[in-house]
Amino acid sequence: MWRRSASFILDRSSNSPPMADTTQNPDAISAYYQTRAAHHGVITSDWLAQAQAAVEQPDSTHSGLGPNKSFNVIDEFNGWRKQPDLAEAVAAIRAMAAVIRASEATTMMELEIELKKASDTLKSWDKTSISLTAGCDLFIRYVTRTSALEYEDFNSAKSRLLERAEKFGEISCKARKIIAMLSQDFIFDGCTILVHGLSRVVLEVLKTAAQNNKLFRVLCTEGRPDGTGVLLSNELSKLDIPVKLLLDSAVAYSMDEVDMVFVGADGVVESGGIINMMGTYQIALVAHSMNKPVYVAAESYKFARLYPLDQKDMAPALRPIEFGVKIPAKVEVERSARDYTPPQYLTLLFTDLGVLSPSVVSDELIQLYL
Amino acid sequence: IYTKEFFLERLSYWAFVSAAQTLRPIKPPASHYLVFLFNSVSLSPEYSLSTSSPHRSPPSHSHRCRTCNRWCLSLLTSSGNVRLRDLKLQRDAPWSFLAVGAQLVAANPVELAVGNVVRRVLHIIREEDLSLATAAVAGLDLLDASDDDEDVNGKGIGYPGMSAAVVAAAARSTLRPPSLQTLLEGTPESATVPYTSSSGADSESKTADKSSITRKLKHDVIEGVNQLIHEIAGCHEQIAEQAIEHIHQNEVILTLGSSRTVLEFLCAAKEKKRSFRVFVAEGAPRYQGHLLAKELVARGLQTTVITDSAVFAMISRVNMVIIGAHAVMANGGVIGPVGVNMAALAAKKHAVPFVVLAGSHKLCPLYPHNPEVLLNELRSPSELLDFGEFSDCLDFGTGSGSPLLQVVNPTFDYVPPSLVSLFITDTGGHNPSYMYRLIADYYSADDLVM
């Protein structure tokens, strides 16, 4: 009786006003996934045009704070996150450290207010990146808590904050090593691992397993449109790990010879589910129906205070998708870059806080945001 | 009947008691001896029905745990002037608690209860140490003020009140498993600093203070361990108290094998005048189900004995499946006697609640990877086949050197958490996904790998 209405006809006709507002990137393309694409070296024509446009119009897209300050933060952030090995949250914290360095505040309260403003700017500039939000929140929280215990003079407090922010970069690398160590027990000799997406953490896990002389093979999905499959297979063949490439649609076909699925995460949400590259939900569903474990490797600063109830519940993150041939103008393309995998399809999460089952995640978040 | 096991048990207990009565620290050879004894006690008594007296049931989990605990107690009381640091943390001192605990665990990794108890005691030691340290810093009468080291979070010592708060905050975070909030703070070592600042005993009062602290600590730890022993001994009554909430009138309960916890659970319900029937799956090849059936009948319960293969046939007539566990893993998975996975699958298919009874000493902080192989014990094929009849098939001397007939006799079975409906522990009834919470309460994160 209650069938879906054909509301998509109405939606289409009212879709003409642009979705992006001036504070966001033009074309509502998710900056986070653009950066990932840049890391992966996949350059599409759309992206090139956009880069051109961005170079030509320097600061018309930034919100009005004090043009100097916001320019600093966002530029700083962009500079940091171009580096392929650095995680998004770490880049955010480094940018905030730059704000502290450049600030002329004389009291703790003033510094906090400046940091809050900078964090809001960063967050509003790219609404789609979860680890950016999480990183900013974590840093603000930390600053607020240490300032409560403060009784010494301002300069030493400032220098300590700076030093902690710098150290956070090392934590990222350390976190990956811890995760790799924790997951070693779960990879046994002769196993077949299915990997989706190019996550640096998962790569570290597989590298460590190879260094420990474990014999296993990897099936990677092609990962359209980013082409992550080919990149991952490049990296793995350098380590002499047998790799097989699959089409994204061939996952169910090969699932019975798979022993476990390993994915990274762009963000871990409060319910214990993950947000990851498009296709992860599909793979988790197939794995669950065939009783294969799905393991997620994610650092702890990716935990975010979101609770999506379905796929459309998050801020839309769009990617340009190339089909290689011309598409008729009236045909729409589903351009979302990510999906949400509910916690009942995940088996375990490997984080630097230890091995967690999905129900532990909300507990951890409560501990942090008490 | 004086069997070998009987003597071994008496001997080991005597050794523990005598060690407890001496005041010298246990030297390395003695500790090896103790480990060997403990090992033999825990490993050997697999009483087979045919040989020894049938009324002597094999030592249960709680018995093994209590033995382990008594050993810990003896080690603590006997180690006269050994400082806490040696006692707890130094791996190189061969008689340190951690080292011997690691030896115990390595002796039989499949016996998870041993590791659990060792980790519980370590957690108790850490907790008492921490509370004593914060009390000492706050009180400032046990410790010299100048002893308080300078690297309490990089601050000076001008404000003792503040530093106590900092120490307490740092202490709270050391005890809990690493969480997001400790990420940016780095590792606070200040909690152990005021305690282990052993800058040469230059004054008499300092040494006297230190030894009094050590004595107080040992006293607290011994109290904690006593409490633990008490808890383990009383877990059956605590679990049985909850029976009345779960078993209702005219129900049919299915169980597999024999577990003392299940026996007391069912009898407690019977005493409260609930009338119900029990189906007991016999639990081949040890046939412990027969023992359980006999005990149940002795207490007046209507019992039916079925074969393991009949579980699926009978499950549609059953209201609830109750089993005891050998160990409960951190993800909520259960290690139980062989055959429980089958009962769990049958229960899932027919939507019958699958209830697991486990004392809190069975809760293991490890996550199982490949538990069917790594956490399993393969026993002798003689329980399945008679060597006399099958000697030609099982002969290693013929042909290529390996016999054509192989016999696999696993002791344990792994039940994944998705098949379990409820865990009943001495603290109450819990969801499988809640087990991690109990682990965070009972164990410290540093002790997971010993």
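Across all chains, a search of the whole structure turns up 13 salt bridges. This is a predicted model, and aromatic pairs add six further contacts to look at over all chains. Here is a friendly tour of some of them, with the charged contacts up front.

**Salt bridges in chain A**

- A:Glu257 and A:Arg217 form a salt bridge whose closest N and O atoms are 3.7 Å apart. A:Glu257 sits in the loop between helix H11 (251–254) and strand E4 (260–263) of chain A, while A:Arg217 belongs to strand E2 (residues 216–221), so the pair ties together parts 40 residues apart in sequence.
- Both partners are partly exposed: A:Glu257 has a relative accessible area of 33%, and A:Arg217 has one of 27%.
- Another salt bridge joins the side chains of A:Arg305 and A:Glu270, at 3.9 Å from N to O. Here two loops of chain A are tied together, the one between E7 and E8 holding A:Arg305 and the one between strand E5 (267–268) and strand E6 (274–277) holding A:Glu270; the residues are 35 apart in sequence.
- A:Arg305 counts as exposed at 52% relative accessibility, whereas A:Glu270 is partly exposed at 24%.
- A network of salt bridges links A:Arg176, A:Glu299 and A:Lys302.

**Charged contacts in chain B**

- The side chains of B:Glu383 and B:Arg379 meet in a salt bridge at 3.2 Å, N to O. B:Arg379 counts as buried at 16% relative accessibility, and B:Glu383 as partly exposed at 32%.
- B:Arg120 lies over the face of B:Tyr442, 4.1 Å from the ring centre.

**Aromatic pairs in chain A**

- Six aromatic pairs are counted over all chains. In one of them, the rings of A:Phe186 and A:Tyr295 have centres 5.4 Å apart and planes at 65°, so this pair is edge-to-face.
- That contact links distant parts of the chain, 109 residues apart: A:Phe186 is in the loop between helix H8 (154–183) and strand E1 (191–196), and A:Tyr295 is in strand E7 (residues 294–297).
- Both rings belong to buried residues, with relative accessibility of 6% for A:Phe186 and 9% for A:Tyr295.
- A:Tyr281 and A:Tyr345 make a tilted pair, with 6.1 Å between centres and 50° between planes. A:Tyr281 is in helix H12 (residues 280–289) and A:Tyr345 in the loop between strand E8 (338–341) and strand E9 (348–351), so parts 64 residues apart in sequence are tied together.
- A:Tyr281 is partly exposed at 24%, but A:Tyr345 counts as buried at 18%.
- A:Phe186 and A:Tyr295 also appear in one aromatic cluster with A:Phe262 and A:Phe350.

Methods
Residues numbered from 1 in each chain as written. Chains lettered and ligands numbered in written order. Predicted model: local features only at pLDDT ≥ 70, side-chain atom pairs only at ≥ 80, totals over all residues. Heavy atoms only, no water. Phe/Tyr/Trp six-rings, centres within 6.5 Å; stacked < 30°, edge-to-face > 60°. Helix = DSSP H or I, 4+ residues; strand = E, 2+ residues; numbered from the N terminus. Buried < 20%, exposed > 50% of the residue type's maximum accessible area, 1.4 Å probe, protein only. Lys NZ or Arg CZ within 6 Å of the ring centre and 35° of its normal. Salt bridge = Lys/Arg side-chain N within 4 Å of Asp/Glu carboxyl O.
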